[in-house]
Amino acid sequence: MKYLYLILLLTISFGAFGRSDSDTLRLTLQQVVDLAKANSIAAKQAATVRETKYWEYRTYKSNYQPQLALSGILPGYTKTFSQVQQPDGTILFQPIHNDNSSLQLNFSQSITATGGTIFGTTQLQRFDDFDRHNVLYNGIPYGINYSQPLFQFNSLKWDKRIEPLKFNESKQAYIEAQEKIAVDVEGYFFDLLLAQVNLKIAETNFANTQGILKVANLKYELGKVSKNEILQLQLEQINAQKAVGTAKRDMEIATLNLRSFTGQEGDDRIVLIVPKEISKMIVSSEKVLAEAYANRSDAIAFSRRIAEAKRDVAKAKGQNGLTATLTASLGFSNTATNIPDVYKNPQNQQLLQVQLSIPILDWGRSKSRAKTALANQQFTEYAVEQDKQTFKQQIVTQVSLFNMMKEQLVYTASADSIAGEKYKIARERYVLGDLSITDLGIAFRENDQAQRDYVSALRDFWGAYYQLRYLSLYDFETNKKITYN
């Protein structure tokens with residue numbers, strides 16, 4: 001009779017649950033990470049930001065390249081009456097009917113060292129007087145101009161120091177965004193994996209409870225168990241059935257969240273594969289810190305923030321006191337009744353001027369701007385120093401956490417194995433009448449909790465693993481910097 005009980009229990013316990021494999025999508029953790037990096041909204045946003053920063057950098061680079069522009073007025077037709085003052089001071093309105101058209105080709109080049117600009121120009125102007133039936137041409141065959149700000153802020157020089165830092169920072173920020181996707185999707189992965197484990201536990205417990213209840217009913221008919229024990233098993237069966245429903249609901253929610261984040265469509269059932277193989281990589285705080293300072297956008301941002309603060313100080317000081325602009329031009333011009341004559345024997349033209357601006361009384365405005373900029377620079381230096389300490393401490397803590405999680409996972413896996421074996425023995429002992437229903441319930445709960453603890457330990461380990469990649473932008477398994485095309 002004991003062996004009959006045991007065969008009946010095992011037959012029921014190993015009953016099949018679930019759907020066929022034809023509509024099931026089986027995914028590993030790495031596959032889910034790859035899907036998220038390829039299809040998620042976060043990945044598309046990161047790519048868009050990267051492209052924006054690239055074109056901003058291209059715009060900055062163009063400021064240092066020669067510029068060639070064609071401008072003009074075609075046509076410049078006018079027909080109206082205009083007031084003309086007479087020698088005796090009276091005003092007469094005279095008819096005007098003309099076309100004043102022009103074309104100008106300009107070449108310019110900024111000079112980074114001084115902040116000045118050099119221009120080359122050629123210009124041709126045609127004036128048609130329709131009332132008097134004459135045509136006149138005026139032109140500048142060629143001319144060279146130079147404009148130089150004096151005692152002023154040189155934005156070109158500071159941009160050349162700061163903009164490359166911003167661009168490099170954006171490139172590393174894109175890599176960080178990709179690794180942050182891995183960090184985030186790892187959480188969604190284990191949310192669903194834990195929900196699937198809970199469903200499997202609930203279904204197994206429900207099946208086992210049904211089997212044990214059938215065995216208990218046979219014992220009850222033989223007078224070997226009490227009515228109270230039957231009622232307890234019936235209550236366990238109801239609770240197990242409720243747990244199945246709750247687990248299915250949780251799994252549907254977790255599946256929806258994972259699909260939404262990874263950008264997956266369709267209604268195939270997703271089954272996640274438990275990541276049995278864990279990373280064996282060994283990391284040290286010194287190595288992670290060195291790679292983080294070499295790769296992270298934060299490390300570049302430290303230098304960029306200090307440079308921007310110094311730039312603001314230079315700008316505030318450049319707006320104080322005497323400011324001036326030197327303008328010089330040298331070239332030739334001519335006027336004629338036809339185009340060829342404009343370019344014959346042109347006349348020399350020259351220009352040299354200095355525009356000045358000297359504040360006489362500004363009630364301390366200039367000094368206040370400079371002092372504010374200096375105070376902001378000092379504040380930025382303190383803030384950067386604090387951020388560096390936080391940056392270092394975060395990495396040191398994460399390295400310790402990773403090593404701890406790797407060790408903790410070994411213990412949790414062992415506990416899960418022991419709890420499973422203990423539960424199996426307890427179930428067989430109960431069937432053979434060698435264990436109380438209370439002790440069997442304890443073995444149930446211990447086994448269930450051990451399985452959940454193992455999944456939680458896996459989650460903590462892989463969370464620490466991807467967080468370490470995110471903080472260092474370095475793959476310690478292949479010993480290579482993380483890059484994306």
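Does L356 count as buried or exposed, and at what relative accessibility? I began my notebook with this residue, keeping in mind that the model is predicted. L356 has a relative accessibility of 59%, and because exposed means over 50%, I entered L356 as exposed.

**Entry on the nonpolar patch.** I then looked up where L356 sits, and found L356 in strand β9, which covers residues 347-357. L356 is also one of the residues of a nonpolar surface patch of about 1,000 Å². The other names I wrote down for this patch are F151, L322, V354, I358, I360, L361 and W363.

**Entry on aromatic pairs.** Next I turned to the aromatic rings, for which the count comes to 18 aromatic pairs. One of the pairs I looked up is F302 with F391, which is edge-to-face, with 5.9 Å from centre to centre and 85 degrees between the planes. This pair links distant parts of the chain, since F302 belongs to helix α7 (residues 297-318) and F391 to helix α9 (residues 365-431), 89 residues apart. I noted both F302 and F391 as buried.

The pair of W462 and Y465 is edge-to-face as well, and here I read 5.1 Å centre to centre and 80 degrees between the planes. W462 and Y465 are three residues apart in helix α10 (residues 437-472), so about one helical turn separates them. I entered W462 as buried because its relative accessibility is 9%, and Y465 as buried because its relative accessible area is 5%.

Which residues do ring pairs link into a cluster? I listed Y54, W55, Y57, Y60, Y64 and F167.

**Entry on arginines over rings.** I also checked for charges placed over aromatic faces, and found R50 over the face of Y174, at 4.0 Å from the ring centre. R161 lies over the face of W158, where I wrote down 4.3 Å from the ring centre.

**Entry on F189.** My last residue was F189, which lies in helix α4, residues 155-221. F189 counts as buried because its relative accessibility is 0%. Which residues does F189 touch, if I do not count those up to four places away in sequence? I recorded L27, T28, L29, V32, L258, L272, I273 and P275. I also compared F189 with N134, and noted that they are 55 residues apart in sequence and 84 Å apart in space, taken from C-alpha to C-alpha.

How values were computed. Residues are numbered from 1 along each chain as its sequence is written. This is a predicted model: local features need pLDDT of at least 70, side-chain atom pairs count only at pLDDT 80 or more; totals for chains, interfaces and linings use all residues. Side-chain values use heavy atoms; hydrogens and water are left out. Patches are made of residues with over 30% relative accessible area and no salt bridge: like charges are joined within 9 Å, nonpolar side chains (Val, Leu, Ile, Met, Phe, Trp, Tyr) within 5 Å. Accessible areas come from the Shrake-Rupley method with a 1.4 Å probe; for residues, only the protein chains shown count as cover. A salt bridge is a side-chain nitrogen of Lys or Arg within 4 Å of a carboxyl oxygen of Asp or Glu. Helices (H or I, at least four residues) and strands (E, at least two) are DSSP runs, numbered from the N terminus. Buried means under 20% relative accessible area, exposed over 50%, partly exposed in between (1.4 Å probe, protein chains only). Rings of Phe, Tyr and Trp (its six-membered ring) pair if their centres lie within 6.5 Å; planes under 30 degrees apart count as stacked, over 60 as edge-to-face and the rest as tilted. A charge sits over a ring if NZ of Lys or CZ of Arg is within 6 Å of the ring centre and within 35 degrees of the ring normal. Contact means heavy atoms within 4.5 Å.
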